[in-house]
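Trainee: I would like to go through this model one helix pair at a time. Please put it up and take my questions in turn.

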Amino acid sequence: MLPLWPQNRPLLPDLTPVKDALRTALGEADEAERPGLQRALAIVEEFASADQVATQDWARKTLAVAGVDPVAHEVKAVRALRQARRGLTLLEAVELVRSLKPQD
């Protein structure tokens, strides 16, 4: 992803409800419907995963340029991301910064 996230690029909505709906439909599907629903679920999961990786890459680069360590300075990191990407909500920025921290 580019180091600057274009302002006209919409933020990807949370796709969890879509994935849940597909899983529910898959659980209720007959054998003829299963392959199509499985493929649809795989596409949504791949899309969400790729977008998350690209978004995290953008956030890491943005914070590196700003000289902010997201682990040591979460509040400053949230502020820096929101300044770099107008329209990024507080919740989205907090979740993004927390996703950059190493998992225990």
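Trainee: At what angle do the axes of α2 and α3 cross, and how are the two helices oriented to each other?
Mentor: Keep in mind that this is a predicted model. The two axes come within 10 Å and cross at roughly 105°. Angles from 65 to 115 degrees count as roughly perpendicular, so α2 and α3 are roughly perpendicular to each other.

Trainee: Which residues of α3 meet α2, and how many residues of the contact are charged?
Mentor: From α2 come Trp-58, Ala-59, Thr-62, Leu-63 and Ala-66. On the α3 side they meet Ala-77, Ala-80, Leu-81 and Ala-84. The residues of this contact divide into eight nonpolar and one polar, and the number charged is none.

Trainee: Which residues of α3 are buried, and why do they line one face of the helix?
Mentor: The buried ones in α3, residues 74–84, are Ala-77, Val-78, Ala-80 and Leu-81. An α-helix has 3.6 residues a turn, so residues three or four places apart point the same way. Seen down the axis of α3, the buried residues line one face because they fall within an arc of 165°.

Trainee: What covers that buried side, and which exposed residues sit on the face turned away from it?
Mentor: The cover over the buried residues of α3 includes α2 (34–66) and α4 (90–100). The face turned away from the buried side carries two exposed residues, Val-75 and Gln-83.

Trainee: Which members of the largest nonpolar core touch the most other members, and which helix supplies the largest share?
Mentor: The core has 14 residues, and Ala-59, Leu-63 and Leu-81 touch the most other members. α2, α3 and α4 each supply at least two residues of this core. The largest share, five residues, comes from α4.

Trainee: What does Leu-63 contact beyond its neighbours within four places in sequence?
Mentor: Its partners include Ala-77, Ala-80 and Leu-81, which are buried residues of α3. The others in contact with Leu-63 are Val-68, Pro-70 and Leu-100.

Trainee: Is Val-44 buried or exposed?
Mentor: Val-44 lies in helix α2 and belongs to another core, of eight residues, which also has Leu-26, Leu-41 and Ala-48 among its members. The cut-off for burial is under 20% relative accessible area. At 17% relative accessibility, Val-44 therefore counts as buried.

Trainee: What separates the C-alpha atoms of Val-44 and Lys-19?
Mentor: Val-44 touches Lys-19 as well as Leu-15, Val-18 and Leu-22, not counting residues up to four places away in sequence. Val-44 and Lys-19 are 25 residues apart along the chain, and their C-alpha atoms are separated by 7.0 Å.

Note on methods: Residues are numbered from 1 along each chain as its sequence is written. This is a predicted model: local features need pLDDT of at least 70, side-chain atom pairs count only at pLDDT 80 or more; totals for chains, interfaces and linings use all residues. Side-chain values use heavy atoms; hydrogens and water are left out. Buried means under 20% relative accessible area, exposed over 50%, partly exposed in between (1.4 Å probe, protein chains only). Helices (H or I, at least four residues) and strands (E, at least two) are DSSP runs, numbered from the N terminus. The arc is that of the directions from the helix axis to the C-beta atoms. Contact means heavy atoms within 4.5 Å. Axes are lines fitted to C-alpha atoms, for helices over the stretch in contact, and angles run from 0 to 180 degrees between N-to-C directions. Angles under 35 degrees count as roughly parallel, over 145 as roughly antiparallel, 65 to 115 as roughly perpendicular and the rest as oblique. Ala, Val, Leu, Ile, Met, Phe, Trp, Tyr, Cys and Pro count as nonpolar, Asp, Glu, Lys and Arg as charged, and the others, Gly among them, as polar. A nonpolar core is a set of buried Ala, Val, Leu, Ile, Met, Phe, Trp, Tyr and Cys residues joined through side-chain atoms within 4.5 Å.
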